[in-house]
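I opened this notebook to look up a few features of the structure shown below, going from a whole chain down to single strands and helices. The entries follow the order in which I looked.

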Amino acid sequence: MGSATGPQPQFPSGADYAEALQHTQLCFRHPELKGARPELTKLGLPRAISGAFASVFSLTSTSSGRRYAIKCFTRHVPDQERRYEAISSRLARLNPAELSQPWNLGFEYLPDAISVGRDRYPVLKMEWVEAITLSSWLEDNHTDRFAVDRLADRFEALTRDLAAHEIAHGDLQHGNLLVASDDTLRLVDYDGMYVPALAGMGGTERGHRNYQSPLRGNDDFGAALDRFSAWVIFLSLKAIASDPALWNRLHEPSGEFLLLTEDDFKNPGSSTRLQTLLAHPDRTVSGLADQVRSLVFQPLDVLPPLASAVPEQRTAATTTSTVSARGTTAAPGAGGLPGWMIGHVPPPVTPTPTTPSVTSPDGFHTRTPLDVTAAALWPLMLAATVLLVVVGLSMPPIGPGVPVFAAAALTAFARSRREELRQSRAVLAKLTNELAQLDDPVKAAEKLRKDRAKFDAAEAKRAAAYPRAQDKLTAQYHAELKEAEKRKVRKQRDMDKKIDGLSEELRRALAKALTDKQSAYVRDQLGRRLIAQDPPHGIGPKLAARLAAAGIRTAADFTGYRSVRNTHYNSTGAVLVLSSGRGIDVHGIGEAKAIALDAWRKHLVASAEARQPTALSVSERQSIEQGIAHRRAQLTAQRKAVESETDVLRVKARKRLEDGQERLARENTLAGDRARQQRQEFSRRTVALQQNSALHGTLSASVEAARLRQRGLSFARYLRFLYIGR
Amino acid sequence: MPYTAEISRSNPTSIIFLVDQSTSMSDPIGGEVPQQKADVVADAINRLLTELSVKCAKEEGVRDYFHVAVVGYGATVGSAFAGSLAGRDLVPLSEVADNPARVDERSKKVPDGAGGLVETVVNFPLWMDPIAHGGTPMNRALQYAESLVAGWTERYPAGFPPIVINLTDGESTDGDPTAAAEAITSHATADGAALLFNLHVSAAGGTPTAFPDSADGLPDSYARTLFAMSSPLPSHMRSYAASQGQRVSEATRGFVYNADITTVVQFLDIGTRATELR
């Protein structure tokens, strides 16, 4: 950050190194590097990968054939050698068999390794790793949910490895986490790494701003350094594994972050990105997002390690678990969820089955006396009808069909008194009624779908409107700042002009003061020369007296003469010009006398001017200079004041922005709460609809069955029952 | 705090070089080995473009943290890029990096490791050639830069403001440049007003006046005009200048009078120093 104020040991620039590396035979002494082939750009210059502190070049050793990444430093880092040695020896002691994956890379710090110009500088010689950055890998693989989820678990295992050895990388981010071709992780750039041997030293960097807690400071350095960034990365990977669309929604092309940025951590309340994750239907995602949100305000040393999110012991083998399995693997007794998630997930709803319990009778059973009567009546009535027809007895009120009719009527009556028929009707009525009570599931589903679509559209509109409203606020803020800045520049420029003009003003004031002083002297001298006492040639006492009468006593009383034409005598006369500029005609002063007077005066002026003062006195000068200095001080103060006025404007604009953002965030939170409730309501309706649909099916079937059975109680079936008994 | 915006690919900044190409630029510059001023300036800019390209190089290639224009003024005013970029004004850095007019081979003496020196050949990419012909239409050059600055601040209103670096050896021949300079620095992004730095290259030799904080001690009104036109150095450039051994104060301006060869290179290095690149 270049916060130092004094000269520091100078290091070559990236281009200086690129130039030196064109001749590795000359710039290196190390046997493997001497003569090594650098990878070149298409311009034929060694290709660099540059960071804030160093440029890294790829070199292939001609002696060993091995490829190395050579880090060349462009900036002084205090205790660099000691740090690298401590880190190198700690990493070398790690047992590869105990690591979740081969994430650590070998490196060697070589002091005085490279010659650039007249001096030698250290380099870091690192194994070349064939892998791509996490961000590039996600760009290519974010749709592969399985692979992303597996990578999340591998990342978690990596942080577990680090924590187990009290190592912290210091700058976990998408550029320092590489993914090898077998989809395991490699950790690079150990400049800011903490190992226990470095305890008590300060940090060398603060880490990538889009991955760090807002509370991380320059001096933070210890085993817990990575915790915040680990949660951020884990959340991002899990979220993408659960919902690959989040990558395109929250990540910006070429954005230097995964899903969340520094702003999201600094202002979690107004962060749309964080809100999106918090409101995500997947509980793992929303739970992790909630965790990150809560970590933002906690001091670094109390942050929980990422391992607490996944409490069960994992080995390298578990990193092959699948997407569906991962969401639910859990500690015992935690309801199938990681421990920290308890309280975020409601208990499952147990559906209450509703099944109709009453049934209608299947046919008639057990004949009553009425049934017997009806059964006996039929043969009698049939016989009576036959008799009537044969006898030919035909009475008007009693037709031949009358007995049959009577039998039918009695039978119908007897049937209507049967319990079975009553029961069947009751059941059917009840079922039909129940069915009528239920909504038609098809119609209900259609309505739910429509309501949901409408809601989703409204939500999408709201989601789109929010960043727009934020952008509008920000744009307004920027416009105000810009205006304030312009105003400041304008005002200060005016002040500067005035201040710059002061030296000229001083010069002029001094010059004027001197001129004034000189003319006052000359005037004084002239005033001392009385015409009467020291008359010029040709002016006698008489004329002197006349002149005195006209107000001209000394050389100071007139400034010259003007010739006039005396119309009277057609000759030339003269008027004397008073110091007021008025001409005066003095009797006896003709042109010749006027000329003499003027010459006398001019002579006096010349001699006075020869003796006049040529400089201002010290006090006169000081008084003028003080005046100007006072003006300068005033202007400088005013110029300063412009700065503080601008600050006030900036603060006001900032306040307006923050107020606006707060209001928007509040509205958004409320709307988000409402949306959540509405979504819950939809879910409830969906469950109800599913249950309804099942019930509706059952009821419809029951109604159908009841109808079928009621058909089994028809008149014909009753007649059959009368004689057969079933 | 102004001038703290992070420079990123989504919020890049622009650097506009204005290069005096008047006839007097063929005079020798002050320094140990006499060289034409035009050569020194062209070399310094070519070297700086290489430097920027290396500084912004990442795994996938050079990132467009900067867009760069090199405007020459002399017989004409316009793009000083040669080769395939000829005629272009603001060019994204990745394109600059890939398209030098040519790559020269230059001989250079380097230590041979045994206490002696050995002559080697190094590749030196070139984007502009030295030209010294015509007057010094500084006003027109500044106006050209102003139109670029205006467009840029519209496009990236939240980013680090554009940096205009004027390299000249003489007085403007098309009038007082003050107003045109003010027009440039009146454009601002939310991060601050556009920056204008001036570098006066010496023919006379003598001690350079680098990064002054007042016009006192400047030899003439022309030097004072250039001083007044120059923006104060933002704090990160001030700290960097201090780390390079320059004496700086709060009021230090981006201005050098009577620059020699070393000062030209150092001035460009300080004047193009970026805030954090992400």
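Entry on chain A as a whole. I looked up burial first, keeping in mind that this is a predicted model, and found that buried residues make up 28% of the 726 residues in chain A. The secondary structure of chain A comes to 19 helices and 12 strands. For contacts in chain A between residues at least 6 apart in sequence, I noted that 68% join residues at least 24 apart.

Entry on the contact between the chains. I asked how many residues each chain gives to the contact, and the answer is 40 residues from chain A and 42 residues from chain B. On the side of chain A that touches chain B, α1 (14-20), β2 (48-50) and α15 (441-528) of chain A each supply at least two residues, and the largest share, nine residues, comes from α15(A). I also sorted the residues of this side of chain A by character, which gave 11 nonpolar, 17 polar and 12 charged.

Entry on a pair of helices in chain A. I took helix α6 (residues 227-242) and helix α10 (residues 283-295) of chain A, whose axes come within 9 Å and cross at roughly 160°. Angles over 145 degrees count as roughly antiparallel, and α6(A) and α10(A) are therefore roughly antiparallel to each other. The crossing in which α6(A) passes α10(A) is left-handed. From α6(A) the contact takes F228(A), W231(A), V232(A), F234(A), L235(A), K238(A), A239(A) and S242(A), while α10(A) contributes T284(A), V285(A), L288(A), A289(A), Q291(A), V292(A) and L295(A). By character, the residues of the contact of α6(A) with α10(A) divide into 11 nonpolar, three polar and one charged.

Entry on a sheet in chain A. I followed an open sheet of three strands, which has the order β7-β8-β9 in chain A and antiparallel pairing. Its edge strands are β7 (131-133) and β9 (185-187) of chain A, each of which pairs on one side only. On average, and with direction ignored, neighbouring strands of this sheet are turned by 40° against each other. Strand β8 (residues 177-180) of chain A runs antiparallel to β9(A) and is joined to β9(A) by three bridges, and I found L177(A) opposite L187(A) in β9(A). Helix α4 (residues 134-141) of chain A lies across β7 and β8 of chain A, and runs at about 90° to β7(A).

Entry on strand β4 of chain B. I asked whether the residues of β4(B) are buried or exposed, and found that strand β4 (residues 66-73) of chain B is mostly covered, with eight of its eight residues buried. F66(B), V68(B), V70(B) and G72(B) point one way from β4(B), whereas H67(B), A69(B), V71(B) and Y73(B) point the other way.

I then listed the partners of β4(B). Strand β1 (residues 13-20) of chain B pairs with β4(B) in the parallel sense over eight bridges, and here I15(B) stands opposite V68(B). Strand β6 (residues 91-92) of chain B runs antiparallel to β4(B) and is joined to β4(B) by two bridges, with V91(B) as the bridge partner of V68(B). Strand β5 (residues 77-79) of chain B also pairs with β4(B), in the antiparallel sense over three bridges, and S79(B) is the bridge partner of V71(B). I closed the entry by noting that β4(B) and β5(B) form a hairpin with three residues between them.

Definitions and conventions:
Residues are numbered from 1 along each chain as its sequence is written. Chains are lettered from A and ligands numbered from 1 in the order in which they are written. This is a predicted model: local features need pLDDT of at least 70, side-chain atom pairs count only at pLDDT 80 or more; totals for chains, interfaces and linings use all residues. Two strands pair if DSSP finds at least two bridges between them. Helices (H or I, at least four residues) and strands (E, at least two) are DSSP runs, numbered from the N terminus. Axes are lines fitted to C-alpha atoms, for helices over the stretch in contact, and angles run from 0 to 180 degrees between N-to-C directions. Two residues are in contact if their C-beta atoms, placed from the backbone, lie within 7 Å. A residue is buried if 20 or more other C-beta atoms lie within 10 Å of its own, exposed if 12 or fewer, and partly exposed in between; C-beta atoms are placed from the backbone. Ala, Val, Leu, Ile, Met, Phe, Trp, Tyr, Cys and Pro count as nonpolar, Asp, Glu, Lys and Arg as charged, and the others, Gly among them, as polar. Angles under 35 degrees count as roughly parallel, over 145 as roughly antiparallel, 65 to 115 as roughly perpendicular and the rest as oblique. A crossing is left-handed if the near helix is turned anticlockwise from the far one by less than a right angle, and right-handed if clockwise.
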